Protein chains: 2
Amino acid sequence: MATLLYTILTRMAGGAIEVMGHVLPTAFGLLGEATLSERSSRSEVVYRLLRQAILEQALKPGTKLSEDTIADHFKVSRTSVRGALVRLNAEGIVDLRANKGACVAEPTLEEARDIFSLRRMLEAEVIRRLVADLGTTGFKRLEQHVREEQAALSDHGPLSIRLAGEFHILLAELTGSQALTRFVREVVSRCSLILARFARLHSPECAVDEHIQIIRALRSKDIAAAEKIMLEHLDAVELRAELNPDKAEPDISEILKRYAGES
Amino acid sequence: MATLLYTILTRMAGGAIEVMGHVLPTAFGLLGEATLSERSSRSEVVYRLLRQAILEQALKPGTKLSEDTIADHFKVSRTSVRGALVRLNAEGIVDLRANKGACVAEPTLEEARDIFSLRRMLEAEVIRRLVADLGTTGFKRLEQHVREEQAALSDHGPLSIRLAGEFHILLAELTGSQALTRFVREVVSRCSLILARFARLHSPECAVDEHIQIIRALRSKDIAAAEKIMLEHLDAVELRAELNPDKAEPDISEILKRYAGES
DNA sequence: GCGCCATCAATTGCATACGATAGTCGGATA
DNA sequence: TATCCGACTATCGTATGCAATTGATGGCGC
């Protein structure tokens with residue numbers, strides 16, 4: 001497991017890494033002046049890289065995140081790594097068990113449905129607000145994003161997975177509500193974990209088409225229609241996750257609970 | 001300023017039990033996940049104490065949170081304090097500016113309205129879910145909580161402020177949705193900050209009465225009525241905050257922006 | 001052969017130390 | 001006298017070292 005983590009981190013540090021439009025330096029560059037002048041603390045950089053690795057499903061749910069391993073590969077001290085892990089834990093995408101280390105969170109089926117339910121509510125609100133007052137610059141940004149998604153289709157990999165999620169975050173940002181954006185960002189992150197854990201495969205093509213439909217619905221200024229499209233899209237995403245109890249990988253603790261008489 | 005922080009922290013540690021050679025407050029209530037585990041790392045303890053101090057409005061928005069000062073008073077190292085501050089920052093109740101230290105977040109008027117808007121949406125959902133399936137044990141817990149609120153009325157202080165907020169968190173918990181609880185917890189926390197910053201005075205009596213009405217509405221199983229009561233309650237809370245731009249304390253940077261031609 | 005207990009290695013939690021950064025105060029100069 | 005500049009101090013960001021806890025391995029008794 002540690003070997004896998006090692007491999008992934010090495011690969012991530014291998015080339016230039018782009019996060020939210022900003023290019024992050026590689027692991028070797030982390031110690032350079034460029035990073036510090038960009039006002040990115042080491043802790044911040046580690047946070048972003050780990051988050052990216054998790055959201056791109058390079059680090060899968062359950063993967064152990066050893067402080068030493070991460071620190072070694074990013075050429076920073078464990079202190080910086082710990083800071084990043086605490087933040088990720090606060091966002092719910094990393095589990096932090098006392099004295100036993102951190103690992104990528106493993107949402108249960110129950111949590112998965114819970115998250116999707118909340119996500120529908122939040123994003124329906126996003127749509128309602130955007131129909132009310134999304135300007136031309138907003139549409140331009142959305143279309144630009146979709147173009148990026150399409151360009152990433154050939155990639156069939158991490159990039160398109162991330163962009164699919166970031167489309168929804170961008171929608172939330174365009175409402176101008178920081179709090180709403182924050183919550184949407186969190187449910188989208190969790191959904192990435194859920195998909196990584198339960199979904200058979202990621203099919204970005206559908207998502208991009210559906211995103212285009214959402215933009216079109218927003219243009220039409222028809223709240224009901226737009227909301228409907230968004231909810232259908234989210235249903236489609238959830239369907240891809242195959243959240244059927246019988247099909248899904250069983251959660252051991254849930255099963256043993258029954259045998260332990262904990263009801 | 002440091003003296004004030006010192007005084008507050010000392011007072012908080014006053015009526016407390018001692019654990020691990022360090023002071024813990026007696027009643028955590030819903031603050032943090034205290035009930036889940038007996039494990040109390042130093043960082044965890046600092047986190048809970050600071051959070052409590054902020055939510056009880058002992059530490060007011062804008063108060064500088066010097067790492068050294070906090071570390072000295074809780075008899076821990078700055079490392080533990082930093083961990084706590086990072087968590088609080090992730091929850092949005094502490095601002096963390098690079099190389100300039102932490103301070104209690106100061107929500108702007110705009111953010112305040114934003115938060116209240118989102119809070120209405122989230123808590124309306126809570127009510128809808130509770131009307132659907134709130135059992136007798138749930139009602140018992142709610143009534144018990146209201147009794148505590150009433151008992152704390154004479155206090156006229158921090159306790160009643162905290163309990164008023166925790167009533168809403170308890171409602172969210174009773175839905176059984178972890179994610180919903182998490183978000184409600186966050187908006188309620190932010191609202192405490194908002195009230196601390198803008199409200200003239202806290203009047204717990206009204207709140208308790210309104211909480212009783214909410215419970216009654218839940219009993220009636222009338223979704224529309226229950227939702228209406230809740231929204232009215234939140235309106236009342238917001239009204240108490242007096243979020244009128246003209247009355248509110250001006251935000252200096254906002255004002256200076258205009259004069260600096262940043263428009 | 002099987003299960004229990006002690007010792008050990010690995011990893012985390014915490015504290016301290018050091019270098020870096022931002023704000024402050026005093027002096028020099030126009 | 002007012003302004004600007006430089007040193008200083010306080011505080012933060014990071015690294016490193018040590019203590020504490022956990023999980024594992026081997027030995028012992030049954």
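**Phosphate contacts and a small sheet**

Colleague: How far is a polar backbone atom of Asn99(A) from a phosphate oxygen of DNA strand C?

Modeller: A polar backbone atom of Asn99(A) and a phosphate oxygen of DNA strand C are 3.3 Å apart, and I should say at once that this is a predicted model.

Colleague: Which residues of chain B have a phosphate oxygen of DNA strand C beside them?

Modeller: Arg42(B) is one of them, with a polar backbone atom 2.5 Å from a phosphate oxygen of that strand. Ser77(B) is another, although here an N or O atom of the side chain is involved, at 2.7 Å from a phosphate oxygen of DNA strand C.

Colleague: And of the 18 residues around DNA strand C, which come nearest?

Modeller: Arg78(A) and Arg82(A) from one chain, together with Arg42(B), Ser77(B) and Thr79(B) from the other, come nearest among the 18.

Colleague: Which part of DNA strand C faces the protein, in terms of sugar or phosphate and bases?

Modeller: Counting the atoms of DNA strand C within 4 Å of the protein, 73% belong to sugar or phosphate, and the rest belong to bases.

Colleague: Which elements supply at least two residues each there, and which gives the most?

Modeller: In chain A these are α4 (67-74) and α5 (78-90), and in chain B it is α4. With 3 residues, α4(B) gives the most to the surface near DNA strand C.

Colleague: OK, on to DNA strand D. How many residues surround it, and which are the closest?

Modeller: There are 17 residues around DNA strand D, and the closest are Arg42(A), Ser77(A), Thr79(A) and Lys100(A), along with Arg82(B). Of the atoms of DNA strand D within 4 Å of the protein, 71% are sugar or phosphate atoms, with bases making up the rest.

Colleague: What do the phosphate oxygens of DNA strand D have within reach, at Arg42(A), Ser77(A) and Asn99(B)?

Modeller: A backbone N or O atom of Arg42(A) lies 2.5 Å from one, and a polar side-chain atom of Ser77(A) also lies 2.5 Å from a phosphate oxygen of DNA strand D. For Asn99(B), a polar backbone atom is 3.2 Å from a phosphate oxygen of that strand. The elements giving two or more residues to this surface are α3 (42-55) and α5 of chain A, together with α3 (67-74) and α4 of chain B.

Colleague: Where does Asn99(B) lie, and is it buried or exposed?

Modeller: Asn99(B) lies in the loop that runs between β4 and β5 of chain B, and with a relative accessibility of 83% it counts as exposed. In the hairpin of these two strands, which has 3 residues between them, Asn99(B) takes a positive phi near 60°. Most residues other than glycine have a negative phi.

Colleague: Which other residue has a positive phi of about 60° although it is not a glycine?

Modeller: Lys221(B) has one; it sits in the loop between α9 (204-220) and α10 (223-241) of chain B, and Lys221(B) is partly exposed, its relative accessible area being 42%.

Colleague: Back to those strands. What is the order of the sheet in chain B?

Modeller: The sheet in chain B is open, has 3 strands in the order β3-β5-β4, and pairs in the antiparallel sense. The strands β3 (64-65) and β4 (94-97) of chain B are at the edges with a single partner strand each, so one side of each has no neighbour in the sheet. Helix α4 (residues 78-90) of chain B packs on this sheet and touches β3, β4 and β5, its direction making about 115° with that of β4(B).

Colleague: How many bridges join each pair, and which residues stand opposite each other?

Modeller: β3(B) is joined to β5 (residues 101-104) of chain B by 2 bridges, with Leu65(B) opposite Ala102(B) and Lys64(B) opposite Cys103(B). β4(B) and β5(B) pair over 4 bridges, and there Leu96(B) has Ala102(B) as its bridge partner.

Colleague: What about Leu65(A), buried or exposed?

Modeller: Leu65(A), which is in strand β3 (residues 64-65) of chain A, has a relative accessibility of 1% and therefore counts as buried. Its C-alpha is 5.1 Å from that of Ala102(A), although the two are 37 residues apart in sequence.

Colleague: Last one: in the largest nonpolar core, which of the 83 residues touch the most other members?

Modeller: They are Leu142(A), Leu171(A) and Leu218(A), with Leu142(B), Leu171(B) and Leu218(B). Leaving out residues up to four places away in sequence, Leu171(A) touches Val126(A), Leu130(A), Leu142(A), Ile214(A), Leu218(A) and Met230(A).

How values were computed: Residues are numbered from 1 along each chain as its sequence is written. Chains are lettered from A and ligands numbered from 1 in the order in which they are written. This is a predicted model: local features need pLDDT of at least 70, side-chain atom pairs count only at pLDDT 80 or more; totals for chains, interfaces and linings use all residues. Side-chain values use heavy atoms; hydrogens and water are left out. Two strands pair if DSSP finds at least two bridges between them. Contact means heavy atoms within 4.5 Å. Axes are lines fitted to C-alpha atoms, for helices over the stretch in contact, and angles run from 0 to 180 degrees between N-to-C directions. A nonpolar core is a set of buried Ala, Val, Leu, Ile, Met, Phe, Trp, Tyr and Cys residues joined through side-chain atoms within 4.5 Å. Buried means under 20% relative accessible area, exposed over 50%, partly exposed in between (1.4 Å probe, protein chains only). A residue is near a molecule or strand if one of its heavy atoms lies within 4 Å of it. A polar contact is a pair of N or O atoms within 3.5 Å; within protein, one must be able to donate a hydrogen and the other to accept it, and residues adjacent in sequence count only if both atoms are side-chain atoms.
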